[in-house]
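Please open the structure in your viewer and keep the sequence panel beside it, since this tour moves from one selection to the next.

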Amino acid sequence: MRQREVEQCWQQARPHNVDNLLSAQTLYQVTCNHCQTRDAVIRCGECMPLEWFCAECDQLAHKRHTLHSRQTTMAGFLQYIPPTESVKLVDGRYIVSEQDCFLPTAFPKSICSCETNDVAISVGRSVTLVCINGRYDLSLPVLTCRHCSKQWGPEFSDFVRSGYWPATMQAQTLFHQDLFSSFEAMKTAAPGMSRQAFTAMLDHRTKQFGR
């Protein structure tokens, strides 16, 4: 009887819940939550409660949060875009342009013996990161001292310290270490699940988030 009452309550609430789900996808004019001046064109659900960004604030914030899944309102509806794309205002209209995205990794305290820690960050070689949300195509950061021109790039030990595990000795593909814990937990809960099913799920999430 309790189960029947619960089911009846859900049946009564279902139309209202569906209406709430559809209304959550409705677009309306929103001001950027950060600069409070420009129109918002990017929504990032992982930045709640300040999820709305203008084009400029989005680039500033998500240089630090590369792995966030962002949505643009340019097409008249919410559409996911990869971290390698950004929205720009050109001649009064918004366009999507390519941008470089760095792999989030730990930096050393210093890369040379110069007294001033004045370094420039440039784009290194391409690298693929796989985590529980799927695949990311990123670039490695390269630090260059502005005084002595000495350079630094992340190596095997830096990847491990940053929470990644190289798939090959060349580290062209990196696995987030949390991915192994997630796979272990799923295999414990569902021993019949295969690696192929797990990787298919990762592939689905990659496409779902526009990457």
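In which loop does Ser 149 lie? Select Ser 149 and you will find this residue in the loop between β8 (134–145) and β9 (151–152); please keep in mind throughout that the model is a predicted one. While Ser 149 is selected, look at its backbone, where phi is near 65°, a positive value in a residue other than glycine. Ser 149 counts as exposed because its relative accessible area is 53%, and the cut-off for that word is over 50%. The loop belongs to the hairpin of β8 and β9, which has five residues between the strands.

Now extend the selection to the two strands on either side of that hairpin. β8 and β9 run antiparallel and are joined by two bridges. To see these bridges, display Leu 143 with its partner Trp 152 in β9, and then Thr 144 with its partner Gln 151, also in β9.

Next, select the whole of β8 and ask how far this strand is enclosed by the rest of the structure. Ten of its twelve residues are buried, so β8 is largely enclosed by the rest of the structure.

From β8, move to β7 (residues 119–131), which runs antiparallel to β8 and is joined to it by eleven bridges. A hairpin through two residues connects β7 to β8. For a place to centre the view, pick Val 127, which stands opposite Leu 138 in β8.

With these strands on screen, add the remaining members of the sheet. The sheet is open, has five strands in the order β9-β8-β7-β11-β10, and shows mixed pairing. Its edge strands are β9 and β10 (164–166), each of which pairs on one side only. As you turn the view, it helps to remember that in a regular strand the side chains alternate between the two faces of the sheet.

For a side-chain arrangement, select Tyr 136 together with Arg 211. Arg 211 lies over the face of Tyr 136, at 3.8 Å from the ring centre. If you then wish to look at rings paired with one another, the structure holds five aromatic pairs.

Now go to Arg 43, which has its place in strand β1 (residues 42–44). Which side chain of opposite charge is nearest to Arg 43? That side chain is Glu 51, at 4.4 Å, and Arg 43 is buried yet has no salt bridge. The reason lies in the cut-off, because a salt bridge requires a side-chain nitrogen of Lys or Arg within 4 Å of a carboxyl oxygen of Asp or Glu. Leaving aside residues up to four places away in sequence, Arg 43 touches Met 48, Glu 51, Trp 52, Ser 69, Arg 70, Gln 71 and Leu 78.

Among those contacts, select Met 48 and follow the backbone onward to Pro 49, where the peptide bond between the two is cis, with omega near 5°. Pro 49 has its place in the loop between β1 and β2 (52–53).

As a last stop, select Gln 36, which lies in the loop between α1 (2–23) and β1. Its phi is near 60°, again a positive value in a residue other than glycine. Is Gln 36 buried or exposed? At 54% relative accessibility, Gln 36 counts as exposed.

Terms used. Residues numbered from 1 in each chain as written. Predicted model: local features only at pLDDT ≥ 70, side-chain atom pairs only at ≥ 80, totals over all residues. Heavy atoms only, no water. Phe/Tyr/Trp six-rings, centres within 6.5 Å; stacked < 30°, edge-to-face > 60°. Lys NZ or Arg CZ within 6 Å of the ring centre and 35° of its normal. Helix = DSSP H or I, 4+ residues; strand = E, 2+ residues; numbered from the N terminus. Buried < 20%, exposed > 50% of the residue type's maximum accessible area, 1.4 Å probe, protein only. Lys, Arg positive; Asp, Glu negative; His and termini not counted. Contact = heavy atoms within 4.5 Å. Pairing = 2+ DSSP bridges.
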